[in-house]
Amino acid sequence: MKDFDFSNLKVVALGLEFATLKKFFRIKFDAAPLLKSRKNVVELNEDEFLKWLRGKVFEKDLEDGIYLLKFKQKIVGCTLIQNKKVLNFVPKYRRLEETT
């Protein structure tokens, strides 16, 4: 890094994008682990966690809404649950590949 020329670098803002608001409030993937909420937290088992990391949608018997996802006592992301379906917000470039 010491050989990199920073003189032409233009910084617009420093920080972490926390959320977006379109049709609903959506917490960004990198911001979710920073939250310490005890409400609207869903504990995932290993099978559900792997499905989520692979970008799959699965069912969970919960009311519609925004939830934080927890696996092994750690917040790993967030989701929108609609009609008992856990929708996936893991960015495509961060998803696990399917194993054969």
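**Entry 1. Surface patch**

I took a patch to be made of residues with over 30% relative accessible area and no salt bridge, with nonpolar side chains joined within 5 Å. The model I searched is a predicted one. Phe18, Leu21 and Phe25 came up as a nonpolar patch on the surface. Together the three have about 320 Å² of accessible area. I placed Phe25 in strand S2. Is Phe25 buried, exposed or partly exposed? Its relative accessibility is 42%, so I logged Phe25 as partly exposed.

**Entry 2. Confidence**

I looked up pLDDT next. The mean for the protein chain is 82, and 91% of the residues score at least 70. Strand S2, residues 25-27, has the lowest confidence, with a mean of 74. The highest is in strand S4, residues 58-59, at 94. I note that Phe25 of the patch lies in S2, where confidence is lowest.

**Entry 3. Sheet order**

I traced the strand pairing. Five strands make an open sheet in the order S3-S5-S6-S7-S4, and the pairing is mixed. S3 and S4 are the edge strands, each pairing on one side only.

I then went through the pairs. Strand S3 (residues 41-43) runs parallel to S5, with three bridges between them. Val41 has Leu68 of S5 as its bridge partner.

How many bridges join S5 to S6? I found seven, and the two strands run antiparallel. Strand S6 covers residues 74-82. For the register I wrote down two positions: Gly65 is opposite Ile81 in S6, and Phe71 is opposite Lys74 in S6.

S6 also pairs with strand S7 (residues 85-86), antiparallel, over two bridges. Ile81 has Val86 as its bridge partner in S7. I therefore have Ile81 twice in my notes, opposite Gly65 and as partner of Val86.

**Entry 4. Hairpins and cover of S6**

I checked the two turns. S5 and S6 form a hairpin with two residues between the strands. Lys72 in that turn has a positive phi of about 50°. The hairpin of S6 and S7 also has two residues between its strands. There I found Asn83 with a positive phi near 50°.

Is S6 mostly covered or mostly open? I noted it as mostly covered, with seven of its nine residues buried.

**Entry 5. Aromatic rings**

I searched the whole structure for aromatic pairs and got two. In one of them, Phe49 and Phe71, the ring centres are 4.0 Å apart and the planes are at 5°, so I entered the pair as stacked. Phe49 belongs to helix H1 (residues 46-53) and Phe71 to strand S5 (residues 65-71), so the pair links parts of the chain that are 22 residues apart. Phe49 and Phe71 are both buried. With Trp52 added, ring pairs link Phe49, Trp52 and Phe71 into a cluster. Phe71 thus appears in my notes both in the stacked pair and opposite Lys74 in the sheet.

**Entry 6. Salt bridges**

I counted four salt bridges. I followed up some of them.

The side chains of Lys51 and Asp47 form one, at 3.4 Å from N to O. The two residues are four apart in helix H1, which means a separation of about one helical turn. Lys51 is partly exposed, because its relative accessibility is 34%. Asp47 has a relative accessible area of 47% and is partly exposed as well.

Glu48 forms another with Lys60, and their closest N and O atoms are 3.0 Å apart. This pair links distant parts of the chain, with Glu48 in helix H1 and Lys60 in the loop between S4 and S5, twelve residues apart. Are Glu48 and Lys60 buried or exposed? I recorded both as buried.

The side chains of Asp61 and Lys84 also meet in a salt bridge, at 3.1 Å from N to O. Asp61 is in the loop between S4 and S5, and Lys84 is in the loop between S6 and S7, 23 residues apart. I put down Asp61 as exposed, because its relative accessible area is 65%. Lys84, at 35% relative accessibility, counts as partly exposed.

Note on methods:
Residues numbered from 1 in each chain as written. Predicted model: local features only at pLDDT ≥ 70, side-chain atom pairs only at ≥ 80, totals over all residues. Heavy atoms only, no water. pLDDT = per-residue confidence, 0-100. Phe/Tyr/Trp six-rings, centres within 6.5 Å; stacked < 30°, edge-to-face > 60°. Buried < 20%, exposed > 50% of the residue type's maximum accessible area, 1.4 Å probe, protein only. Patch = residues over 30% accessible without salt bridge, like charges linked within 9 Å, V, L, I, M, F, W, Y side chains within 5 Å. Areas by Shrake-Rupley, 256 points an atom, 1.4 Å probe, with all protein chains shown as cover. Pairing = 2+ DSSP bridges.
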